[in-house]
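Me: I have a structure open here and want to go through it piece by piece. Can you take some short questions?

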Amino acid sequence: MTLKKLRIGLVCPYGWDTPGGVQNHVRDLAEYLIAKGHYVSVLAPVIDEDAIPDYVTSAGKPISIPYNGAVARVLFGPIAFSRVRHWIANGKFDLLHLHEPAIPSISLLACWAAEGPLVGTFHAAAKRQKAIFAIGPILEPVIEKLTARIAVSEAARSTLTEHLETDAVVVPNGIYADRYRDGEVRAQWSGNTLGFIGRYEEPRKGLSVLLEALPIIARFAPDVRVLVAGPGDSKDVEDEIDPQLRHRFEFLGRISEKEKADFLSSVALYIAPNTGGESFGIILAEALAGGAAVVASDIPAFESLLGNGEYGALFQSENPQELAKVVIDLLRSDEKRRALAQRGKAYAQRFDWDVVAEDIFSIYEMALVGSNGVTLSSENRAWNRFLGRAGN
Amino acid sequence: MEKYFLFALIAIIALWYLSYSATRLDRLHHRVETSWANLDGLLQRRAAVALEIAKSDLADPASSLLLTAAAHQARDAQMQTRSQAESGLSGALGLLLNDGHLVDGFIEKDLLRELSELTDKVRVAIALHVDAVTRTQMVREKPVFKIFRLAGTAPLPVTYEFEADVL
């Protein structure tokens, strides 16, 4: 990285204090850049303004709207817009990095209000949506202002080409790979264990697919156990489990980073039966870095992250029979499983922040060529040029 | 009376839209300029690194000659011959690196690392430039921009052949 210290503005569209992949990505990126000595300010919707780090500026309280199979906490409207303008005008930024600028949120507002070096990262991978066609003509001139576009996966990139007819450079999401490198194997989590991490109450995380597959797996591997980690109320889910299988389940609740590393080193297989709505699958990258052998559904994001099955086994999404088949196959052969885990671990190093942030930063440098920093956008720049006045 | 009012309103909206569109196109042209400046700078640096490689122990006399010639050509080329010159340099560098001989020596390793980093950057820069150009072309094709000649005297941006080679 160059020695020049930059003033960078990051815009996070989703509520800062609600869990989510985009938020984590923005937080990690901001902290990485700060550690490198840059000045970073993050603009995000915030619920509890007392509990935010120094580098975050609140844009107001988020509103909940259903989006992409989940509830998204975003923010827009005239008050938010004036706050966005205020933040841009006072920030004296060299560059703005907008996350998910194609959904109605403060990222889109910032893209509308700003002029200069703008970098946009597109996270979502969705099927063709009708709504986009309606707002496409409005969105296009705004998205066009971005100097550089980043997509977090091939799936996100093709979504972008399909919806907005524009291309992007693929830079994956980052993980701190060294946190997961040296997990210790814990006896209580090893053996024929299947690991699952995530908000298991959400249907799209696909725990029910694993539930259905379990009776078949248990027939071939009688001592199989399922370890579920992540926030949520396990009581409702436990009630749904067939009483004969209940003793095979263990709910660990929310686990710490250290425990997560140990968890990933210990379990025989990490299972990701998600049924969709996943843009990148950061947890898979972490699982691979932690040395777990991964079995995942073949949704586009997972397929591209796992190199079409090269670094983790895939099964047809929402097909418990196939999941069972893949799991049994891997549980039976230690050799196969170990080889898969090893390949995955080596591959996961490319998601390390040291690699990813370097890539992002080199795109920043390209966007900065010939610019004088970020200003509020002026709608009469064409007139300035026409009348021979100096513009940028 | 009401009819005139409506007419005036439509006229104002139409004028605003034209102004807005002209701004939009101006921004796109600016994007093309800066993305080209960026790509141009990186290509110049690549040629400089190629020259250093030609001088180093990495290259045998024959490929050294080839590389020096290609690098100079790429540096001095006019716009019309630029594309061919850059392709030539890519080819010469590719030949040298594909030979696959083992490298030892600190400076040599450093040079090769710099070259591969530059190549990655050039690839990204090309993607940015091509995107800016195609976008501009697309917008300029739209009827409003054509009829009202919103592009003014700005030349239609084009992509170069060597860009497709590298991608």
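Me: Which residues are buried in α1(A)?

Reply: This is a predicted model, to start with. In α1(A), the buried residues are Val22(A), Gln23(A), His25(A), Val26(A), Leu29(A), Ala30(A) and Leu33(A).

Me: How do the buried residues of α1(A) fall, seen down its axis?

Reply: They fall within an arc of 160°, so they line one face of the helix. An α-helix has 3.6 residues a turn, so residues three or four places apart point the same way.

Me: What covers the buried residues of α1(A)?

Reply: The cover includes three strands of chain A, β1 (7–11), β2 (39–44) and β6 (95–99), and the helix α14 (353–368) of chain A.

Me: What span should helix α1 of chain A have?

Reply: Its 15 residues, 21–35, should span 21 Å at 1.5 Å a residue, and the end C-alpha atoms are 21 Å apart, which agrees. After α1(A) comes Gly37(A), with a positive phi near 100°.

Me: Changing topic. What domains does chain A have?

Reply: The domain assignment gives domain 1 as 7–174 + 352–386 and domain 2 as 182–350. Taken over C-alpha atoms, the centres of these two domains of chain A are 32 Å apart.

Me: How many residues of each are in contact?

Reply: In chain A, 17 residues of domain 1 are in contact with 13 residues of domain 2. On the domain 1 side, α1 and α5 (154–164) of chain A are the elements that give two or more residues. α5(A) gives the most, with three residues. By class, that side has eight nonpolar, seven polar and two charged residues.

Me: And the contact between the chains, how many residues from each?

Reply: Chain B gives 20 residues and chain A gives 18. On the chain B side, α1 (2–55) and α4 (106–141) of chain B each supply at least two residues. The largest share comes from α1(B), with 13 residues.

Me: What classes are on that side of chain B?

Reply: The side of chain B that touches chain A has eight nonpolar, five polar and seven charged residues.

Me: Last one, Leu128(B). Buried or exposed?

Reply: Leu128(B) has 27 other C-beta atoms within 10 Å, and 20 or more count as buried, so Leu128(B) is buried. Leu128(B) lies in helix α4 of chain B.

Me: What is Leu128(B) in contact with?

Reply: Leaving aside neighbours within four places in sequence, Leu128(B) is in contact with Ala148(A), Met366(A) and Ser35(B). As for Trp16(B), 112 residues apart from Leu128(B) along the chain, the C-alpha atoms of the two are separated by 30 Å.

Definitions and conventions. Residues are numbered from 1 along each chain as its sequence is written. Chains are lettered from A and ligands numbered from 1 in the order in which they are written. This is a predicted model: local features need pLDDT of at least 70, side-chain atom pairs count only at pLDDT 80 or more; totals for chains, interfaces and linings use all residues. Two residues are in contact if their C-beta atoms, placed from the backbone, lie within 7 Å. Helices (H or I, at least four residues) and strands (E, at least two) are DSSP runs, numbered from the N terminus. Ala, Val, Leu, Ile, Met, Phe, Trp, Tyr, Cys and Pro count as nonpolar, Asp, Glu, Lys and Arg as charged, and the others, Gly among them, as polar. The expected span of a helix is 1.5 Å times one less than its number of residues. A residue is buried if 20 or more other C-beta atoms lie within 10 Å of its own, exposed if 12 or fewer, and partly exposed in between; C-beta atoms are placed from the backbone. The arc is that of the directions from the helix axis to the C-beta atoms. Domain bounds come from an automatic or database domain assignment.
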